[in-house]
Structures are given as C-alpha cells and as structure tokens.
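The turns below go through one strand, its partners and the nonpolar cores. Please look at the structure first.

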Amino acid sequence: MSALVETEQDKVVETFNPTQPGPVVLLCEHASHHIPAQFQDLGLAEASRHSHAAWDPGAVGVALNLSELFDAPLVAGRVSRLVYDCNRPPEAVSAMPDRSEAIDIPGNRNLTPEDRLARERSIYRPFLAAVDTVLDRRQQAGTDTALVTVHSFAPVFHGRPRDVDIGIVHDADARLANAVLERAPSLSHRKIGRNDPYGPEDGVTHSLKLHGMARSLPNVMIEIRNDLIGTPAEQRRIAAELHSILAPALTEVGLQAGGPPHA
C-alpha cells in the first residue's frame with residue numbers, strides 16, 4: 001500500500017506569513033466551506049454547503065489583506081465549521097451542530113463520543129497547534145503581540161435584518177476593543193457596534209479567551225457584514241478601513257503598529 005500523502009485539499013489549517021514581525025496575529029477560524037470527502041457532504045445540499053452556516057464568506061479575504069497591511073501572521077481554518085467549529089471547545093454542542101440557523105445537518109446527528117473525539121483530534125487540535133506555534137515563536141523572540149480574529153455575519157438572521165456593518169467583539173479583556181471603538185467615528189459611513197451582532201453570551205469568544213486572554217494578549221474579534229465583502233475589491237477596502245482604526249488602537253495599548261511591508 002502506498003503512503004498517504006496530504007494534498008492541498010486535505011489541509012485542515014494553513015498559516016500565512018508565520019514569521020512576520022507585525023504587531024498582531026490574525027485568526028480566521030471559518031475561512032473555508034470545504035467538507036472532507038469522508039464526511040460525505042454531511043448529507044447537505046450544495047446551497048447549504050456554501051451558505052453562511054458553513055463558513056464566513058469574505059472573512060479570509062479581509063484577513064489576508066490585514067496580514068499584508070500589518071506584515072503579520074494569519075492562521076486560517078481549512079474545514080467547514082459544520083464539521084468542526086474551531087471557535088468552540090470540544091464540549092460545546094455548537095462545535096459539531098446537528099442544526100445551524102435554519103439548516104438541518106444529517107451528518108452530525110447522533111454522533112458518538114468516538115466520532116466527536118475523532119473530529120477534535122483531526123481538525124480542532126491541529127488548528128490549536130498551528131496558533132500555538134506562531135504565538136510561542138513570537139513569545140520566545142520577545143515580539144509584542146495582539147490577537148485579532150476575523151469573522152463575517154449574514155445581513156439577515158432568522159428573518160431579521162442586522163443593524164450593524166461591523167461588530168467589535170470582546171470578552172472580559174476590553175482593552176483593544178475599547179481603543180478600536182474610540183476611533184470608530186472616523187469611519188462615519190459605517191455603523192460599528194460593541195458585541196453586536198454577537199457577544200460573549202453567544203459563546204463566540206472561545207479563541208479570544210484561549211489564545212488571547214490566557215496569554216494576557218490584547219485581543220478583539222472583528223465581525224463584518226458579509227454583503228460588504230463579497231468581492232476582492234470590497235475585501236481590500238474594508239481591510240484598509242479596519243487598518244486605519246486598528247493601527248492607532250494597537251499603539252494605544254502599547255504595541256507598535258508599524259505599516260505595510262516594504263517591497
């Protein structure tokens with residue numbers, strides 16, 4: 001039998017610019033709607049597999065642009081959050097939901113403890129390891145770091161329109177979020193809210209707590225309405241806007257924000 005070789009499509013996590021010295025480490029847990037073949041599409045129709053329930057459309061494009069603007073690492077998930085949501089701990093029902101928004105997920109029904117553990121080991125733990133590798137390297141090098149996670153949200157949820165363009169989400173450590181929100185009025189054409197449309201009570205701050213607060217790093221989650229970032233040009237525009245308020249906010253919390261990489 002020939003050795004199993006990991007292909008590009010088999011990757012569960014990807015790290016961009018892992019050794020770059022910019023002041024942030026970026027995460028995009030929901031960067032892909034890919035469902036590995038062994039899960040047989042989780043029994044979902046194509047429209048469901050490509051919907052917001054399966055991933056965060058546009059988020060990784062914004063995150064990649066921020067990675068360039070800050071000359072900073074980005075760790076991105078490569079598997080649909082319907083298989084395993086890397087922004088949830090293994091014990092959370094929402095880590096492997098059998099229903100998401102209005103979509104039933106047949107392939108997640110009646111999972112055994114062994115099934116759940118297999119997904120944790122094959123998807124969640126490699127993602128954690130990739131993040132830890134980047135953060136440990138920076139800690140050993142004495143590189144000051146903030147953690148910024150990038151997500152998107154649907155304009156309408158359960159039939160109700162969302163009221164914000166961009167959400168600045170935090171848990172108990174609000175240092176960076178406060179500094180960003182102080183500068184939000186400079187983007188007067190955007191409606192920017194605190195812990196909206198999601199907040200800690202919704203279980204969305206797992207990565208902030210695990211990778212940011214546990215290491216005493218300033219941290220924030222950025223949620224962007226996905227109809228604002230549907231094209232590469234829109235993703236570049238939103239990334240530039242976010243950079244304009246994140247960079248001075250990082251300086252306020254004690255990090256040198258720097259600028260885009262030199263050619």
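Buried means under 20% relative accessible area, exposed over 50%, and partly exposed in between (1.4 Å probe, protein chains only). Helices (H or I, at least four residues) and strands (E, at least two) are DSSP runs, numbered from the N terminus. This is a predicted model, in which local features need pLDDT of at least 70, side-chain atom pairs count only at pLDDT 80 or more, and totals for chains, interfaces and linings use all residues. Residues are numbered from 1 along each chain as its sequence is written, and side-chain values use heavy atoms, with hydrogens and water left out.

Q: How many residues of strand 6 are buried?
A: In a regular strand the side chains alternate between the two faces of the sheet. In strand 6, A146, V148, V150 and S152 point one way and L147, T149, H151 and F153 the other, and all are buried. Strand 6 (residues 146-153) is largely enclosed by the rest of the structure, because the buried count is eight of eight.

Q: Which residue stands opposite S152 of strand 6?
A: Two strands pair if DSSP finds at least two bridges between them. Strand 6 pairs in the parallel sense with strand 11 (residues 219-225) over seven bridges. In strand 11, the residue opposite S152 is I224.

Q: Which element gives the largest share of the largest nonpolar core?
A: A nonpolar core is a set of buried Ala, Val, Leu, Ile, Met, Phe, Trp, Tyr and Cys residues joined through side-chain atoms within 4.5 Å. The largest has 39 residues. Strand 2, helix 3 (113-141) and strand 6 each give two or more residues to this core. The largest share, eight residues, comes from helix 3.
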